[in-house]
Amino acid sequence: MTDVAKRGGAPVPAGWTYAPAPESTDIVRLQERYGLYVGGEWLETKEHFTTVAPRDESPLAEVAQASAKDVKNAVAVARDASAGWAALPGSERAKYLFRIARILAERSREFAVLESLNGGKPIKESRDVDLPLAAAHFFYYAGWADKLEYAFPNRTPKPLGVAGQIIPWNFPLLMLAWKIAPALAAGNTVVLKPAETTPLTALLFCDVVRQAELPPGVVNIVTGDGRTGAALVDADVDKIAFTGSTEVGKAIQRRLAGTGKKLTLELGGKAANIVFDDCALDQAVEGIVNGIYFNQGHVCCAGSRLFVQESIYEPVVDKLKKRMATLRVGDPLDKNTDVGAINSRMQLEKIEELVAAGKDEGAEIYQPPCVLPERGYWFAPTVFTNVAQSYRIAQEEIFGPVLSVLTFRTPEEAVEKANNTPYGLSAGVWTEKGSRILWMAERLRAGVVWANTFNRFDPTSPFGGYKESGFGREGGLHGMEPYVELT
Ligand code: NDP
């Protein structure tokens, strides 16, 4: 009999430890101080801020804080470059995008290490998810650049001009790729602002732009805090593409009302992951874990509300807790780590506040025993049971490794409860019945519905929300449309 069998079928023997397998950071060459990347050059600014590694709060580099004047200048430079870029044949623009995709693939280890260092996500996720997908987005949109008239039959697609793009800290390079690739393929130039806490891979991307010999001014990166984002919204851009919180998204929408600037918003979510009693249970438990603990739950489409059919509630929760006990929390740069560091102190405090609210409201908390590092920002994988729909942990986006479990009896009840949220970004359904999947997908008010899987992404597949999760789609042909004017 094996050790595992003797211990009553626990997934791994108790006390199982892995030897540390840290990825070396030698491949990353950081500068002490970064300026703004505008017109193919590095420009100095008056103010700077320090960006840190969330795993131990160690400072990594000084980054420029762009003022409204700096942003205005970047947009003017992008405007100057836009006529030349738009006039290039699509096949020429495609060449640059293919080059960028290839360089990203070639330098993927360097980018993956930097992404984990600056953002806190496990290296195996940066390496196996963020980087391949970022390169795939450039490959995919490179393919459309010379086929725009086929993409929009009987219409004449024209670029908009300059796109202002504002991205969050949860998938820094991937969100950059989602935004820049379709914009460039359609013939626009861009000014992109990365999140304050994770600017480094966007700054390294400037080196890719240089290596690919992109004409100066086509891609411009301005770093800074929320004020820089607000200045970009107010600048002379033709379109704003924003991914981030619903609160800031709403503020931007108010700001742009009546200006004629185009807008797409990809905002928060509180996805329902719905498990029926006829599903493949172990597979579903893996999907639940992936749905909420992937990237520490810093995922807008995270399956943060788990709906379990009442008849299988006990086995699901039991298996889930056992599986959670095997998750390794720790150094993002260790190849064995499953759950890395929380992105920032501010985000950690927000998670702690909502978890305290869950306890106060009467939910039952479970966290597997795990030793968290002393320095840095950490939160143990958490599950709440006994959750009522009215609790804040069932309503608000926690954006951390925290799952709320609720139950249902019938498919109708599952739909009703799943849709009981201001958000509508994604959902998951676990059942062996194809007809039930289709029945559910028709009724769930969510931009993406995964069936017997979760958190699957592909550049060909559109992604975006309903209700307070925003509007507009990214990915696929749908992701090209917001970057063209059709006549
Ligand atoms: P924000 O919405 O504040 O940040 C997203 C981006 O917008 C960042 O680049 C940010 O800059 C910028 N920004 C901030 N204020 C403004 C403004 N007034 N005008 C224009 N741009 C602005 O998200 P947070 O980082 O503060 O996270 C807060 C919560 O938002 C999270 O807890 C989570 O619930 C949700 N969130 C959702 C995301 C999603 O993918 N849907 C992603 C990130 C967060 P800066 O970083 O410099 O402040």
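How many cavities of 30 Å³ or more does a search of the whole structure find? The search finds six, and the points below take up the two largest of these after the main pocket, the small sheet, one helix and one aromatic contact have been described.

1. The model under discussion is a predicted one, and every value quoted here should be read as computed from it.

2. The largest pocket has a volume of about 1200 Å³, and 46 residues line it, with W169, G244, S245, V248 and M346 lying nearest its centre. The elements that each give two or more residues to this lining are β4 (47-52), α9 (226-234), β10 (239-243), α10 (246-256) and α13 (345-361). Of these, α10 supplies the largest share of the lining, namely six residues. Sorted by class, the lining of the largest pocket comprises 20 nonpolar, 15 polar and 11 charged residues.

3. Strand β4, which contributes to the lining of the largest pocket, also belongs to an open sheet of three strands, arranged in the order β1-β5-β4 with mixed pairing. In this sheet β1 (33-34) and β4 are the edge strands, each of them pairing on one side only. Strands of a sheet pair through backbone hydrogen bonds, in either a parallel or an antiparallel sense.

4. Between β4 and β5 (residues 59-65) there are six bridges, and the two strands run antiparallel; at one position, F49 has V63 in β5 as its bridge partner. The two strands form a hairpin with six residues between them, and in the turn E57 has a positive phi of about 60 degrees.

5. Helix α5 spans residues 123-144, a run of 22 residues, and reaches 31 Å from its first C-alpha to its last, which is close to the 32 Å expected at 1.5 Å a residue. The helix nevertheless carries a kink of about 25 degrees at D130, shortly before the proline P132.

6. A search of the whole structure finds 14 aromatic pairs, among them the pair formed by F276 and F408, whose geometry is edge-to-face, with 5.1 Å from centre to centre and 75 degrees between the planes. This pair links distant parts of the chain, for F276 sits in the loop between β12 (272-275) and α11 (281-293), whereas F408 belongs to strand β16 (residues 402-408), and the two residues are 132 residues apart.

7. Turning to the enclosed spaces, the largest cavity has a volume of about 90 Å³. It is lined by 17 residues, of which R305, A418, T421, S426 and R445 are the closest to its centre. By class, the lining of the largest cavity holds eight nonpolar, five polar and four charged residues.

8. The second largest cavity has a volume of about 70 Å³, and 13 residues line it, with V299, A302, S304, E397 and F399 nearest its centre. Its lining consists of seven nonpolar, four polar and two charged residues.

Key
Residues are numbered from 1 along each chain as its sequence is written. This is a predicted model: local features need pLDDT of at least 70, side-chain atom pairs count only at pLDDT 80 or more; totals for chains, interfaces and linings use all residues. Side-chain values use heavy atoms; hydrogens and water are left out. Helices (H or I, at least four residues) and strands (E, at least two) are DSSP runs, numbered from the N terminus. The expected span of a helix is 1.5 Å times one less than its number of residues. The bend at a residue is the angle between axes fitted to the seven residues ending there and the seven starting there. On a 1 Å grid over the protein atoms alone, a cavity is a set of points where a 1.4 Å probe fits but cannot get out, and a pocket is an open set with protein on both sides within 12 Å along at least five of seven lines; lining residues have an atom within 4 Å of a point. Grid points are joined across faces, edges and corners, and a volume is the space filled by probe spheres set on the points. Ala, Val, Leu, Ile, Met, Phe, Trp, Tyr, Cys and Pro count as nonpolar, Asp, Glu, Lys and Arg as charged, and the others, Gly among them, as polar. Two strands pair if DSSP finds at least two bridges between them. Rings of Phe, Tyr and Trp (its six-membered ring) pair if their centres lie within 6.5 Å; planes under 30 degrees apart count as stacked, over 60 as edge-to-face and the rest as tilted.
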